[in-house]
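Grab a pencil and work through a few short exercises on this protein. Try each task on your own before you read the solution below it.

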Amino acid sequence: MKMMRLGDNKGAALVEFAIVALLLFTMLLGIIEFGMLIKDYFALNQAVREGARSAALRSDETTIVNRVKGSALTLDPSRINNVNVFYRVYNSSSNSWGDWIPGTPPDTIAQYHVQVRVHAEYSHKLITGQFFSWLADGGDSITVRSEMVMRRE
């Protein structure tokens, strides 16, 4: 039987590598997941902007929703939820904007006294599966939200 000396550290490098590799692997997966989440956020933001532009040009609500879902080329349209359109009217006597009203504004309101807002949500599916499920409250997806406000033309 071989006696072990106090200065013998042959297995220490393997243990250190295992700890460091686990941390680096976790960081790499986090960077990839965060990058995909940001990509989906920017794609949704651009799609909502297109919908708000369509609303500003007096489109109906169905056209606006289809514009949002059709403009998100890198997103799964079935996971785009809660596309809502709102408007509010400027009150010149009180110099303030009114409350947000669901739907598209009627054509009887003066052209530049209306703002339209489009809101949408996207269910981003985690590509790492259950690894970062604590970010999604135990689920496998994170809800990404975006809103855009424009003045009606």
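Let's warm up with I32, which is partly exposed, its relative accessible area being 40%. Keep in mind that this is a predicted model.

**Exercise 1. Find which element holds I32, and which surface patch I32 belongs to.**

Step 1: Look along helix 1, residues 12-56, and you'll find I32 there.

Step 2: Check the cover. The cut-offs put "partly exposed" between 20% and 50% relative accessible area, so I32 gets that label with its 40%.

Step 3: Now look at the company on the surface. I32 forms a nonpolar patch with L28, M36 and I127, and together they have about 340 Å² of accessible area.

Step 4: Here's a handy rule about spacing. Residues three or four places apart on an α-helix point the same way, because there are 3.6 residues a turn.

**Exercise 2. Work out how the reach of helix 1 compares with the expected span, and what follows the helix.**

Step 1: Helix 1 has 45 residues.

Step 2: At 1.5 Å a residue, 66 Å is expected for helix 1.

Step 3: From first C-alpha to last, helix 1 reaches 65 Å, which is close to that value.

Step 4: After the helix comes R58, and its phi is positive, near 70°.

**Exercise 3. Identify the residues that touch the most other members of the largest nonpolar core, and say where the core comes from.**

Step 1: This core has 24 residues, and L44, V68, V83, V116 and V118 touch the most other members.

Step 2: At least two core residues come from each of helix 1, helix 2 (61-71), strand 1 (80-91), strand 4 (114-125) and strand 5 (141-151).

Step 3: Helix 1 gives the largest share, with 7 residues.

Step 4: Zoom in on L44. Setting aside residues up to four places away in sequence, L44 touches L75, A120, E121, Y122, V144, R145 and S146.

**Exercise 4. Track down the salt bridges of R67, K39 and R117, and say how covered each partner is.**

Step 1: Start with the idea behind the search: side chains of opposite charge can pair when their charged atoms come close. The model has 5 salt bridges in total.

Step 2: R67 pairs with E50, with 2.6 Å between the closest N and O atoms. Since R67 is in helix 2 and E50 in helix 1, the pair ties together parts 17 residues apart in sequence. R67 is partly exposed at 40%, while E50 counts as buried at 17%. R49 joins these two in a network of salt bridges.

Step 3: K39 meets D40 at 2.9 Å, N to O. K39 is partly exposed at 33%, but D40 is buried, at just 6%.

Step 4: R117 meets E147 at 3.9 Å, N to O. This pair links distant parts of the chain, strand 4 and strand 5, 30 residues apart. R117 is buried at 16%, whereas E147 is partly exposed at 42%.

Step 5: Beyond residues up to four places away in sequence, R117 touches N84, V85, F86, W100, E147, M148 and V149.

**Exercise 5. Decide whether D99 is buried or exposed, and locate its contacts.**

Step 1: D99 sits in the loop between strand 2 (96-97) and strand 3 (101-102).

Step 2: Anything over 50% relative accessible area is exposed, so D99 qualifies with 67%.

Step 3: Ignoring neighbours within four places in sequence, D99 is in contact with Y87 and R88.

Step 4: For a sense of distance, take S59: D99 and S59 are 40 residues apart in sequence and 21 Å apart in space, C-alpha to C-alpha.

Technical notes
Residues numbered from 1 in each chain as written. Predicted model: local features only at pLDDT ≥ 70, side-chain atom pairs only at ≥ 80, totals over all residues. Heavy atoms only, no water. Patch = residues over 30% accessible without salt bridge, like charges linked within 9 Å, V, L, I, M, F, W, Y side chains within 5 Å. Areas by Shrake-Rupley, 256 points an atom, 1.4 Å probe, with all protein chains shown as cover. Salt bridge = Lys/Arg side-chain N within 4 Å of Asp/Glu carboxyl O. Helix = DSSP H or I, 4+ residues; strand = E, 2+ residues; numbered from the N terminus. Buried < 20%, exposed > 50% of the residue type's maximum accessible area, 1.4 Å probe, protein only. Contact = heavy atoms within 4.5 Å. Core = buried A, V, L, I, M, F, W, Y, C linked by side-chain atoms within 4.5 Å. Expected span 1.5 Å × (residues − 1).
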